[in-house]
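User: Please show me how to read cavities and strand pairing in a model like this one.

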Amino acid sequence: MSSFHVQIVSQEPVDWGESPHWDQSRQRLSYVDCFAKRIHQIDPESGRCDRYNIVSAASKSTPMTTMAIPTDNQCDTEYVISLGNSLAKYLPNSGDIYKLADIDGGTYFNDGKCDSRGRLWIGSFTGEPGNPMTMVKGAGKLYEFSNDTLTTKYNGLTIPNGITWSSDNSKLFAVDTMERAIYYFDYDNSTATIGKKRTFFASNSEFSFKGTEIPYGLTVDLKGNLWLVVYYGGKILNIDSNTAKVINKIDLSANMVTSACFGGIEMNELFVTSSNRGLPAPVVSAQQAGHTFKVTCFRDNSFKGQPSNCFRLQ
């Protein structure tokens with residue numbers, strides 16, 4: 001087993017950290033404080049943190065921002081963000097927000113990432129944000145957004161989460177948090193089309209999600225293996241992409257870990273977001289809940305990933 005070192009890189013805890021994204025060109029990590037609708041952008045080397053409050057007439061009534069992905073604009077910082085049931089472009093230097101697309105009321109965007117060609121893939125759920133008891137089974141969808149067009153790609157999940165791709169881009173993986181499973185679709189990177197949904201990983205004889213543990217965020221390393229963040233589990237599972245066997249595990253102090261991405265100059269650091277929503281102050285302090293962590297690995301030079309993909313402007 002590999003030896004992991006975990007340290008905090010955030011200056012202060014957040015209510016619900018989500019959507020970590022490593023911008024290789026700027027050497028910056030960004031993530032959102034979901035219900036506060038705030039973007040944090042960190043320089044891990046210096047410790048500097050810039051915070052962008054997403055406040056406008058368009059966003060005051062929306063319950064959350066679950067995703068913020070930088071665009072490929074090299075001249076100015078800008079993000080594609082979710083705002084409840086809307087997608088928008090956000091310019092933090094001016095505070096301007098430009099709506100890009102909407103889905104039906106009562107449904108909300110959740111986790112999203114861009115593929116290697118800069119197309120956004122994002123899931124949605126139907127129910128009350130933050131209340132899993134209200135989620136409508138099978139009402140979740142996967143969308144693809146590019147060329148100013150939002151396209152439904154799959155209908156029949158409950159809470160799509162943890163979207164990522166195999167290292168050769170032949171498969172798209174997506175977690176369904178409520179179903180406690182990772183599914184995969186054959187993926188055509190040239191046309192952004194997906195095949196039939198198949199189960200990749202779920203509770204089985206080798207591993208079972210215990211009690212309230214649920215699969216959440218997901219990323220992939222250079223070997224093509226998956227790293228699954230287990231919410232209410234305080235851990236990340238390394239899963240072999242060929243056998244679906246758990247081959248390694250990282251334990252964290254925070255129980256409510258949410259998502260992860262690789263980053264750093266050599267792409268050998270794993271950044272992990274977490275939540276402290278609803279926890280009493282002593283538990284927040286003891287667990288360091290709501291902080292963003294950096295994991296490094298000793299004795300394993302292959303502990304590396306790829307930079308997160310930015311959204312490609314048309």
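The dialogue below takes up the cavities and then a sheet.

Analyst: This is a predicted model, in which local features need pLDDT of at least 70 and side-chain atom pairs count only at pLDDT 80 or more, while totals for chains, interfaces and linings use all residues. Residues are numbered from 1 along each chain as its sequence is written, and side-chain values use heavy atoms, with hydrogens and water left out.

User: How many cavities of 30 Å³ or more does the structure hold?

Analyst: Rolling a probe the size of a water molecule over the atoms shows where empty space is left. A cavity is a set of points, on a 1 Å grid over the protein atoms alone, where a 1.4 Å probe fits but cannot get out; lining residues have an atom within 4 Å of a point. A volume is the space filled by probe spheres set on the points, which are joined across faces, edges and corners. The structure holds 2 such cavities of 30 Å³ or more, and the largest has about 60 Å³ of space.

User: Which residues line the largest cavity?

Analyst: The lining consists of H21, D23, R26, R28, L29, S30, Q41, P70, T77 and Y79. Strands are DSSP runs (E, at least two residues), numbered from the N terminus. Strand β3 (28–33) gives the most, with 3 residues.

User: What stands opposite Y79?

Analyst: Two strands pair if DSSP finds at least two bridges between them. Strands β7 (residues 79–83) and β8 (residues 86–91) pair in the antiparallel sense over 5 bridges, and Y79 stands opposite Y90 in β8. Both strands belong to an open sheet of 4 strands, in the order β6-β7-β8-β9.

Definitions and conventions
1 Å grid on protein atoms, 1.4 Å probe; cavity = no way out; pocket = protein on both sides within 12 Å on 5 of 7 lines; lining within 4 Å.
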